[in-house]
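Dear colleague,

I am passing on a structure that I would like you to look through when you have a moment. My notes on it come after the structure itself.

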Amino acid sequence: MKNILFLLTIVFLSSLLLGSCALSQLGTHASNSILEEPDYALAADALPSLIKIAETMQRTYPDKTSYRITLASLYLLYANAFLEGEAFYLMDTDYAAARGLQLRAKSLYVRAAALLEPAILKKSPRLLASEIQLDSSLEPDSPAFKNLTGGFKADSVDLLYYYSAASLAAFALDPLDFENAQKVPAAILLLQRAMELDPLFNGGMVRELAFTVYTSLPESLGGNRKLAQQLYETIADDQINPASAAFYVSWALGFCAPENEYADFINSLEKAIAIGTNPDRPSLMNSLAARKAGWILENSFLYIDEPAAR
């Protein structure tokens with residue numbers, strides 16, 4: 001607590017000396033320092049304090065969308081990396097504890113989406129009130145799609161990404177929550193708009209989210225395995241914006257395991273480990289995905305049938 005109070009004091013003093021623009025850059029650099037930290041324990045210890053600082057910044061400047069996005073991104077990071085991430089390892093040994101972590105993660109996803117919703121509605125007031133059917137009538141070149149998403153331009157991709165990611169993650173953890181489920185079509189629509197505007201945003205985060213969504217959701221909710229396979233080939237072949245470790249874990253679990261493609265399953269997980277342990281690509285999320293890939297490799301019998309010995 002003393003450390004948090006000290007950090008908050010520094011932020012307040014900095015805001016007086018630097019002004020809101022410099023403070024915004026401070027928040028961005030602090031967030032990036034977490035994402036570029038491969039030491040899981042160090043990042044886990046630092047992130048709660050950073051979240052509280054970001055909350056202070058957002059409350060001080062409630063009308064600045066950039067502060068809302070920074071705070072929402074930190075909620076997502078903590079929920080995904082340190083709550084859902086740990087729940088994964090407990091599911092088979094302590095389901096109650098794992099579910100408790102998942103519900104905490106869901107609450108942060110919901111909080112992140114709620115934080116960004118005013119900025120979303122400012123650009124598309126009818127979005128959440130519209131009856132959205134995820135079919136051919138909402139292709140990117142359709143009038144309906146343009147009417148609901150046309151207000152979002154290239155400078156809104158971060159807003160689209162984090163709102164979609166938060167809404168879809170909350171749904172994934174609790175599909176029976178009707179209030180969250182109602183927002184899934186809008187989240188898919190906004191993700192499609194982000195793909196249209198800049199699929200390579202922040203090194204390819206948008207297209208990797210699209211890949212995960214198309215892989216994991218049923219077709220009635222926006223899933224599309226054909227599109228997911230096309231995205232896989234595009235992402236895997238891109239040398240300029242290389243795939244993350246999590247991308248290969250998703251491919252192993254989402255495609256290789258269901259198709260019982262054992263060799264590809266093992267190869268994909270080994271690629272994830274190589275990426276996550278590469279000292280030239282320091283990254284918290286890659287490090288965490290490599291850890292997960294290693295665990296899955298050690299427990300591969302839970303996911304896929306091993307080939308019979310000859």
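What follows is an account of one helix pair and of the aromatic and charged side chains around it and elsewhere.

Please keep in mind throughout that this is a predicted model.

I begin with the helix pair. Helix α11, which covers residues 225–237, packs with helix α12, residues 245–259, at an angle of about 145°, and their axes are 12 Å apart. The crossing of these two helices is left-handed. On the α11 side the contact is made by Arg225, Ala228, Gln229, Tyr232, Ile235 and Ala236, while α12 contributes Phe247, Tyr248, Trp251, Gly254 and Phe255. Sorted by class, the residues in this contact are eight nonpolar, two polar and one charged.

Two of the contact residues deserve a closer look, namely Tyr232 and Trp251. The ring centres of Tyr232 and Trp251 lie 3.7 Å apart with their planes at 15°, and because planes under 30 degrees apart count as stacked, this pair is a stacked one. Since Tyr232 belongs to helix α11 and Trp251 to helix α12, the pair ties together parts that are 19 residues apart in sequence. Both partners are buried, Tyr232 with a relative accessible area of 13% and Trp251 with one of 9%.

The same region holds an aromatic cluster, which is formed by Phe211, Tyr232, Phe247, Tyr248, Trp251 and Phe255. Phe255 also has a charged group over its ring, for the charged end of Arg225 sits there at 4.0 Å from the ring centre.

Turning to the rest of the model, the structure holds 15 aromatic pairs. One of them joins Tyr89 and Trp295, whose ring centres are 6.1 Å apart and whose planes stand at 80°, so that this pair is edge-to-face. Tyr89 lies in helix α4 (residues 65–90) and Trp295 in helix α14 (residues 284–298), and the pair therefore ties together parts that are 206 residues apart in sequence. Buried means under 20% relative accessible area, so Tyr89, at 18%, counts as buried, whereas Trp295, at 22%, is partly exposed.

A further arrangement of charge and ring involves Arg111, which lies over the face of Tyr75 at 5.0 Å from the ring centre.

With best regards

Technical notes:
Residues are numbered from 1 along each chain as its sequence is written. This is a predicted model: local features need pLDDT of at least 70, side-chain atom pairs count only at pLDDT 80 or more; totals for chains, interfaces and linings use all residues. Side-chain values use heavy atoms; hydrogens and water are left out. Axes are lines fitted to C-alpha atoms, for helices over the stretch in contact, and angles run from 0 to 180 degrees between N-to-C directions. Helices (H or I, at least four residues) and strands (E, at least two) are DSSP runs, numbered from the N terminus. A crossing is left-handed if the near helix is turned anticlockwise from the far one by less than a right angle, and right-handed if clockwise. Contact means heavy atoms within 4.5 Å. Ala, Val, Leu, Ile, Met, Phe, Trp, Tyr, Cys and Pro count as nonpolar, Asp, Glu, Lys and Arg as charged, and the others, Gly among them, as polar. Rings of Phe, Tyr and Trp (its six-membered ring) pair if their centres lie within 6.5 Å; planes under 30 degrees apart count as stacked, over 60 as edge-to-face and the rest as tilted. Buried means under 20% relative accessible area, exposed over 50%, partly exposed in between (1.4 Å probe, protein chains only). A charge sits over a ring if NZ of Lys or CZ of Arg is within 6 Å of the ring centre and within 35 degrees of the ring normal.
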